[in-house]
Amino acid sequence: MTKLKHALALIAVVALSSLFFYACGDDSDSQSVLLDFEFDFRINDQKLVFGQVYDLNESKVSFKVANYYIGGLQMTQEDGAVIDLSADYLLAGPGNIFSAAEKVPNNDIVKFDFFIGVDEASNSQTETDFTSRPSTDPLGMKDPSMHWNWNSGYKFLRVDGEVDTDGDDIPDTPIAYHIGSDPLLKNVSISSDRDISDDSTIHFVLDINEFFAGVNFQVVENQDTHTGNNLELAQRLVSHLDTALSVE
């Protein structure tokens, strides 16, 4: 009888230990999340749809390409901890999704620090370095291209489309905004109160209205910049990123 009591006591201890271990493991897992990043482009408070005609700055416009690079990403949480993804590049584009490799504590994120562009060392890599990057690498070869060549480097931001210039409400004149070069790398800091406990998908939002604020598409000089050929417009658009970019 004594042996039986000892056996039952041992079973109870083991069961309680297993329950405690499971509970602790489950609690630990509930305190961390895996972050995903998606990229939204909005125009007139709507999600941008390629090929759709929009009224923008008193012109009829449509778009077919919208991409930009996010680098140096660091996210500060409310307890002061920093989620450091600065070793990764994110290629922001409609439908693109980036998933962080490791889970992070689910404390609120109070600040996002990053830059739009590509760091100077990567932007000046050799032809061999560039062409040897795998297609899965955000800095690898892309279609449409996000790289001019190994002399000029990357297009930090690219937006292509068409504008109506003959008054028939049909966009027919190409517009192209390809911005790059080391001096135009744009540092961005955004304050936030982003709760990631329930929804761990972070949305970077580029507001097309804010990006093109005050740009008259009917003026030929405003219809394209490849940076070097129209530096003033490129600088102007980069300055608009302070109000055009947000994180949700």
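Before we look at any single residue, let me fix one term: a residue is called buried when its relative accessible area is under 20%, exposed when that value is over 50%, and partly exposed in between. With that in hand we can take Glu 248, which has 38% relative accessibility and therefore counts as partly exposed. Please keep in mind throughout that what we have on the screen is a predicted model.

Let me start with the chain as a whole. The protein chain contains 6 helices and 17 strands, and of its 248 residues, 42% are buried. If we take the contacts in the chain with a separation of 6 or more, 71% of them come from residues that are 24 or more positions apart. As for the outside, the chain exposes about 13100 Å², and carbon and sulfur atoms supply 52% of that area.

Now let us return to Glu 248 and ask which residue its side chain meets in a salt bridge. The partner is Arg 42, and the distance from N to O is 2.9 Å. Because Glu 248 lies in the segment after β17 (245–247), while Arg 42 belongs to strand β2 (residues 36–43), this pair ties together parts that are 206 residues apart in sequence. Arg 42 has a relative accessible area of 27%, so it is partly exposed. The pair is also part of something wider, since Asp 40, Arg 42 and Glu 248 are linked in a network of salt bridges.

In general, side chains of opposite charge can pair when their charged atoms come close. The structure holds 8 salt bridges, and I will mention two others here. One of them joins Lys 111 and Asp 113, whose closest N and O atoms are 3.5 Å apart; Lys 111 is partly exposed at 32% relative accessibility, and Asp 113 is partly exposed at 21%. Another joins Asp 137 and Arg 133, with 2.7 Å between the closest N and O atoms. Is Asp 137 buried or exposed? With a relative accessible area of 18%, which is under the 20% cut-off, Asp 137 is buried, whereas Arg 133, at 24%, counts as partly exposed.

Charges also appear on the surface in another arrangement. Glu 78, Asp 79, Asp 193, Asp 195 and Asp 198 gather there in a patch of negative charge. One of these residues, Asp 195, sits in the loop between β14 (186–194) and β15 (201–207), and its 36% relative accessibility makes it partly exposed.

Finally, let us turn to strand β5, which covers residues 59–77 and includes Asn 67. Asn 67 counts as buried because its relative accessibility is 13%. Leaving aside residues up to four places away in sequence, what does Asn 67 touch? Its contacts are Phe 41, Leu 91, Ala 92, Gly 93, Pro 144, Met 146, Phe 156, Leu 157 and Arg 158. Leu 157 deserves a second look on the screen, for it is 90 residues from Asn 67 in sequence, and yet their C-alpha atoms are 5.8 Å apart in space.

Strand β5 also holds Ser 62, which at 10% relative accessibility counts as buried. Again leaving out residues up to four places away in sequence, Ser 62 touches Gly 51, Gln 52, Val 53, Gly 161, Glu 162 and Pro 171.

Technical notes
Residues are numbered from 1 along each chain as its sequence is written. This is a predicted model: local features need pLDDT of at least 70, side-chain atom pairs count only at pLDDT 80 or more; totals for chains, interfaces and linings use all residues. Side-chain values use heavy atoms; hydrogens and water are left out. Helices (H or I, at least four residues) and strands (E, at least two) are DSSP runs, numbered from the N terminus. Buried means under 20% relative accessible area, exposed over 50%, partly exposed in between (1.4 Å probe, protein chains only). Contact means heavy atoms within 4.5 Å. Patches are made of residues with over 30% relative accessible area and no salt bridge: like charges are joined within 9 Å, nonpolar side chains (Val, Leu, Ile, Met, Phe, Trp, Tyr) within 5 Å. Accessible areas come from the Shrake-Rupley method with a 1.4 Å probe; for residues, only the protein chains shown count as cover. A salt bridge is a side-chain nitrogen of Lys or Arg within 4 Å of a carboxyl oxygen of Asp or Glu. Lys and Arg count as positive and Asp and Glu as negative; His and the chain ends are not counted. The place of a charge is taken as NZ of Lys, CZ of Arg, CG of Asp or CD of Glu.
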